[in-house]
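Me: I would like to go through this model and ask what each label rests on. Please set the value against the cut-off each time.

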Amino acid sequence: MAVLVNKQAPDFTAAAVLGNGEIVENYSFSAATKGKYAVVFFYPLDFTFVCPSELIAFDHRLEEFKKRNVEVIGVSIDSQFSHSAWRNTPVDKGGIGPVGYTLVADIKHDIVKAYDVEHADGVALRGSFLIDKHGVVQHQVVNNLPLGRDIDEMLRVIDALQFTEEHGEVCPAGWNKGKAGMKADAAGVAKYLAENAGQL
């Protein structure tokens, strides 16, 4: 498994269904995310079991991602037409409804291979990648097929990244927005631990 953290995120152009339901043949990742942060998440297949819960959870938090200037992009090996059909299937019938973010069709498996999240069975593992405004991967996590993700954890990590960028401090264990950061030196560590070690 490749570690892409601190490396340029692989760019891609592929067919996709946009958040407004439009099907496009040449969705460009680099163009769509220019000047933005991005979360690229992979999932095994449309019309499956754990997947709809994750895609709906992303959609329920989409405004929170937008507030943070984050473009959310889902990727699987299904076609753009399968993505569209799944969006047009009601939630109570196993669909995802009209999710407001882009779903990319990786029929040739080029993207899952570039991000090194291809399962032995050919589908995508549950990989999630946080990419900064310069196109550099800052966070990645990959779950096996039965293990659903915690979307709030991705929001927490985005907050941590943006806090670090803004304040120049690092984020200790369990950091959440509104909590103290830490100066990245011996004095900063000592001060933080003196005040917060009991809560870790």
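**What the labels rest on**

Reply: This is a predicted model, and its chain has seven helices and seven strands. From the N terminus on, the order is β-β-α-β-α-α-β-α-β-α-β-β-α-α.

Me: What makes the chain as compact as a globular protein of that length?

Reply: The radius of gyration is 18 Å, and the globule rule gives 16 Å for 200 residues. The two values are close, so the chain is as compact as a globular protein of that length. The C-alpha trace spans about 55 × 35 × 35 Å along its principal axes.

Me: How many of the residues are buried, and what share of the contacts joins residues at least 24 apart?

Reply: Buried residues account for 50% of the 200 in the chain. Of the contacts between residues at least 6 apart in sequence, 64% join residues at least 24 apart. The chain exposes about 9900 Å², with 54% of that supplied by carbon and sulfur atoms.

Me: How are the charged side chains divided between positive and negative?

Reply: There are 19 positive and 26 negative side chains, and the centres of the two sets lie 4 Å apart. The structure holds eleven salt bridges.

Me: Why is the contact of R156 with E153 called a salt bridge?

Reply: The N to O distance between the two side chains is 2.8 Å. The cut-off is within 4 Å, so the pair qualifies. Both residues lie in helix 6 (residues 151-167), three residues apart, about one turn of the helix. R156 has a relative accessible area of 23% and E153 one of 32%. Partly exposed covers the range between 20% and 50%, so that label fits R156 and E153.

Me: What does the salt bridge between K183 and E169 tie together?

Reply: The closest N and O atoms of K183 and E169 are 3.6 Å apart, and the cut-off is within 4 Å, so this pair counts too. Both residues are in the loop between helix 6 and helix 7 (186-196), so the bridge ties together parts that are 14 residues apart in sequence.

Me: Why is E169 called buried?

Reply: The relative accessibility of E169 is 18%. Buried means under 20%, so E169 falls in that class.

Me: Which labels do E195 and K191 get, partly exposed or exposed?

Reply: E195 stands at 49% relative accessibility and counts as partly exposed. K191 has 52% and is exposed. The line between the two labels is drawn at 50%, so the two residues fall on either side of that cut-off. Their side chains meet in a salt bridge of 3.2 Å, N to O. Both lie in helix 7, four residues apart, about one turn of the helix.

Me: Which residues are linked in a network of salt bridges?

Reply: The network links E64, K67, R68 and D159.

Me: What is the phi of F47, and what is that of D116?

Reply: F47 has a positive phi of about 55° without being a glycine. D116, also a residue other than glycine, has a positive phi near 55°. Most residues other than glycine have a negative phi. F47 is in the loop between strand 3 (37-42) and helix 2 (50-60), and D116 is in the loop between helix 5 (110-114) and strand 6 (126-131).

Me: How do you know that F47 and D116 are partly exposed?

Reply: F47 has a relative accessible area of 42%, and D116 is at 30%. Both values lie between 20% and 50%, so both residues count as partly exposed.

Technical notes
Residues numbered from 1 in each chain as written. Predicted model: local features only at pLDDT ≥ 70, side-chain atom pairs only at ≥ 80, totals over all residues. Heavy atoms only, no water. Helix = DSSP H or I, 4+ residues; strand = E, 2+ residues; numbered from the N terminus. Rg over C-alpha atoms; globule rule 2.2 N^0.38 Å. Buried < 20%, exposed > 50% of the residue type's maximum accessible area, 1.4 Å probe, protein only. Contact = heavy atoms within 4.5 Å. Areas by Shrake-Rupley, 256 points an atom, 1.4 Å probe, with all protein chains shown as cover. Lys, Arg positive; Asp, Glu negative; His and termini not counted. Charge placed at Lys NZ, Arg CZ, Asp CG, Glu CD.
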